[in-house]
Amino acid sequence: MVEQALEKRGVGSEIIKFKTLGDKKITEPLSGIGAKGLFTRELEVALKKKKVDCCVHSLKDLPTESPEGLEIIAQLEREDPRDVLVVNRVTQADSLAAVPAGSRVGTSSLRRRAQLLAVRPDLEVVELRGNVPTRLQKVQGGQVHAAILAAAGLIRLGAIDRVTAFLEPPAWLPAAGQGAIAIQIRSDDDEMRALLSPLDHRPTSIATDAERAFLAALDGGCQVPIGALALSTDDNSLTLHGFVSDLRGKNVVRGSRVVNPSDPKGSGASLGAELRSRGAGSLLAELRATETVIAPQPE
């Protein structure tokens, strides 16, 4: 997508592919690996060493704090940020509510796991790793009855027909920044700044800046179930919705706040502080004090 955007401006580019720690350790739960930047660190090291001129990331994979000397310069227009339910032919459910009790539902996300168990504690949640085609194959092959995935990935891969149901916000919230593609450069590279900054889609950046500031205020990572999404309202303003949960979806703190488009990061940080004061702080402390992360069982 970035390559095509540059081509429209008469600029050629070469794509260099990386395999990250998160790609390699596909048999381990993401929550158990523990480090931030599981899908981004190798790219950022190459960028710092000037082996590449810019990096293209799924924004939700990027830690909220950029490494020294690097920054996000642009975000492409966001794809559908919602999560979706994918069900195999044998299960034949047409919604999350219709999935039979005891069904095995796959996800690698503690956020999705917590929300799933909050509304369907009668389901068995299992760890489901791999790229989108691999996960879809595991659903269709019957290794799991269903899975929770990001709509954006299915849409970009032309697999939207595999969606059984969209999980609607704000009742169900995605990861902060989900559906957005970020372009990262070296902060001192004025040439790349001038070339890539015009690719930024400002409405996307405003929304995701608020979401990521909320996440940062809660010091969120892959070991904490946190969701956030800035939604447009009828009067064209933005409202940021966020939640923090324990690992089983039993204790949940939710909140919302109108986003100031001139200071979206401030709005996100403010909502994060509010949730901390309403119980999220102690909830987060309990989660981080737990030595053993309660992760889904391998499928």
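Helices are DSSP runs of H or I with at least four residues, numbered from the N terminus, and by this assignment α9 gives the most to the lining of the second largest pocket, with 6 residues. The model described here is predicted.

The second largest pocket holds about 380 Å³ of space. It is lined by 15 residues, of which Ile72, Gln75, Asp209, Arg212 and Lys265 are the closest to its centre. At least two lining residues come from each of β2 (70–75) and α9 (202–217). In composition, the lining of the second largest pocket comprises 6 nonpolar, 4 polar and 5 charged residues.

Strand pairing was examined around β4. Strand β4 (residues 104–107) runs parallel to strand β5 (residues 124–127), and 4 bridges join the two. Between these strands the chain passes through helix α5 (residues 110–119), and the resulting β-α-β crossover is right-handed. Within this pairing, Thr107 has Glu127 of β5 as its bridge partner.

Strand β4 also pairs with strand β6 (residues 146–150), again in the parallel sense, over 2 bridges. Here the bridge partner of Gly106 is Ala147 in β6. Strand β4 is thus bridged in parallel both to β5 and to β6.

Conventions. Residues are numbered from 1 along each chain as its sequence is written. This is a predicted model: local features need pLDDT of at least 70, side-chain atom pairs count only at pLDDT 80 or more; totals for chains, interfaces and linings use all residues. Side-chain values use heavy atoms; hydrogens and water are left out. Two strands pair if DSSP finds at least two bridges between them. A crossover is right-handed if, with the strands pointing away from the viewer, the path from the first strand over the helix to the second runs clockwise. On a 1 Å grid over the protein atoms alone, a cavity is a set of points where a 1.4 Å probe fits but cannot get out, and a pocket is an open set with protein on both sides within 12 Å along at least five of seven lines; lining residues have an atom within 4 Å of a point. Grid points are joined across faces, edges and corners, and a volume is the space filled by probe spheres set on the points. Ala, Val, Leu, Ile, Met, Phe, Trp, Tyr, Cys and Pro count as nonpolar, Asp, Glu, Lys and Arg as charged, and the others, Gly among them, as polar.
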